[in-house]
Amino acid sequence: MQRFVGVDICKDHFVCWTLEFRPQNLKQYWRENFKSRSRKPEDDELTFYVTSAGIDGFLSLRPTAIAMEPTGFYYSEFLARVCAAEGIPVYWVGHAEVNHYRRGHRLPDKNDLADALAMAAYLWENHDKPEFFLEFFPGPPRQLRELYLKLQTLNRQQNPYINRIRQQLAVEFPEVAMSQCKAGVTGVPPLIGWLANSENTPISAKARTDYAKRWNDSISRRYGGTISPYTRKLAQHLCDLYHWENQLQAQMNQVLMSDVFVQYRKILDRFGMKPRTQSIIISQIYPISRYDSIGGFKKRLGCAGEEESSGDKQGFRTTAGSKLLRQAMYLWVLTTIAPTRSRPQSAIGQKIGAYYDKQKNKLYGSQSELTDRAVSQKLKGFVGQLERMLRNELSPLVRKDGIESLHQALGVVVTMLNATLLGNLVEPISDSANETEIKKGFGNLVIMRTAGYSCKLLFKELKRNINQS
């Protein structure tokens, strides 16, 4: 007898739903069975905590296989390790697939039990169709992903330190408070290294001399200013983060140089992608032989979204695929393809650059077209303001009985309408602020279109040049 288990992962526990058959009507099955379950983890017999007793309880279900989402991957990783040791197959289901499946069967949203049931039923329907599930390969691809996530965490931790140090320096050493914190030859920004004043954080002799001279000449010293111990301690902590980042980056580069990735790196080099971007992409698409279509490949890279355009509103909605990859592709286009001077000189890099320019010109149009869009958005804003005015001012008065109240309400509307018209339509509409807002919306659309186009080219290059055996 087959027993498939859907598992919805929470931070310290996981909710299970077991199915020994595929219900013909999932909505009806839910109505008949969900009342026997409790949404309180401590009261539900199929909700298990990540403890020895909890894992033993889960294993007592004797599942044929389980289905989980990779959302909150580190929380689900331990259960996946347990299943691997116990010989229980784990099927990873994409978040978009679970969401669509649950909605298609009219199961409740934001409900752990419904999610677990949806995954169990999805597994029953598709367990013999590998293409319906995500794959995570062990070894070097997994190492690249882990290292990338760790580096992302360190990057997020650095910014608060940098911002606080700048605030401190605005009082203590204002001449350098807004200096750019770019890593030097030692992997640490010279200013941060100088502030840390530690033997473990070497900086070049020239940088040390330059900052010492600037500090001696600082206006802060003239008025009794000093570099506080707090600022120096922050700099020391930041240096530790930079050193840690450099170590992880070195490990990533070493894994990236594995023989299995040689052909992948050569192709990604032609796209102008740097090691960190290459690492997250390779970790998710390796081996390319598992992709049979451009659509599935684009979806995996998070670039198979839908364009949302209506009138003057231009947008691009993406919900499927890897959020990490979508961010990586977006930043790559923004920093490497959008600036003309940064584009790779390879034929494929120039081809993507030309596509980006074409989309940009197509969407921005002429200056007069851009102004027309600004006018349209201004009018839409006015209509929204009028709608709010009617709701806030007219409705309470109309609720009262009597013609006099209605006339009073209309008088308020007319007065406010005149003021709104004068305030919104007489002022210039083609100012730079409006144009900037228009361009920002179109800019995101151009970037995502270019990312999608680049995915197509990347798929073709990988399929054409990498041995499929």
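Here is a quick look at one sheet and one pair of helices in this structure, which is a predicted model.

Let's start with the sheet. It is an open one, built from 5 strands in the order β3-β2-β1-β4-β5, and its pairing is mixed. In general, strands of a sheet pair through backbone hydrogen bonds, either parallel or antiparallel. At the edges you'll find β3 and β5, each with a single partner strand, so one side of each has no neighbour in the sheet. If you ignore direction, neighbouring strands are turned by 30° against each other on average.

Where does helix α5 sit? It packs on this sheet, touching β1, β2, β4 and β5, and its direction makes about 140° with that of β1. Over at β3, the strand runs antiparallel to β2, and 3 bridges join the two. One spot to look up there is Phe14, whose bridge partner in β3 is Phe48.

Now for the helices α10 and α12. Their axes come within 10 Å and cross at roughly 55°, so the two helices are oblique to each other. The crossing of α10 past α12 is left-handed. These are the residues that make the contact:

| Helix | Range | Contact residues |
|---|---|---|
| α10 | residues 229-256 | Glu245, Gln249, Met252, Asn253, Leu256 |
| α12 | residues 275-285 | Pro275, Arg276, Gln278, Ser279, Ile282 |

What classes of residue does the contact of α10 with α12 have? It's a mix: 4 are nonpolar, 4 are polar and 2 are charged.

Terms used: Residues are numbered from 1 along each chain as its sequence is written. This is a predicted model: local features need pLDDT of at least 70, side-chain atom pairs count only at pLDDT 80 or more; totals for chains, interfaces and linings use all residues. Side-chain values use heavy atoms; hydrogens and water are left out. Axes are lines fitted to C-alpha atoms, for helices over the stretch in contact, and angles run from 0 to 180 degrees between N-to-C directions. Helices (H or I, at least four residues) and strands (E, at least two) are DSSP runs, numbered from the N terminus. Angles under 35 degrees count as roughly parallel, over 145 as roughly antiparallel, 65 to 115 as roughly perpendicular and the rest as oblique. A crossing is left-handed if the near helix is turned anticlockwise from the far one by less than a right angle, and right-handed if clockwise. Contact means heavy atoms within 4.5 Å. Ala, Val, Leu, Ile, Met, Phe, Trp, Tyr, Cys and Pro count as nonpolar, Asp, Glu, Lys and Arg as charged, and the others, Gly among them, as polar. Two strands pair if DSSP finds at least two bridges between them.
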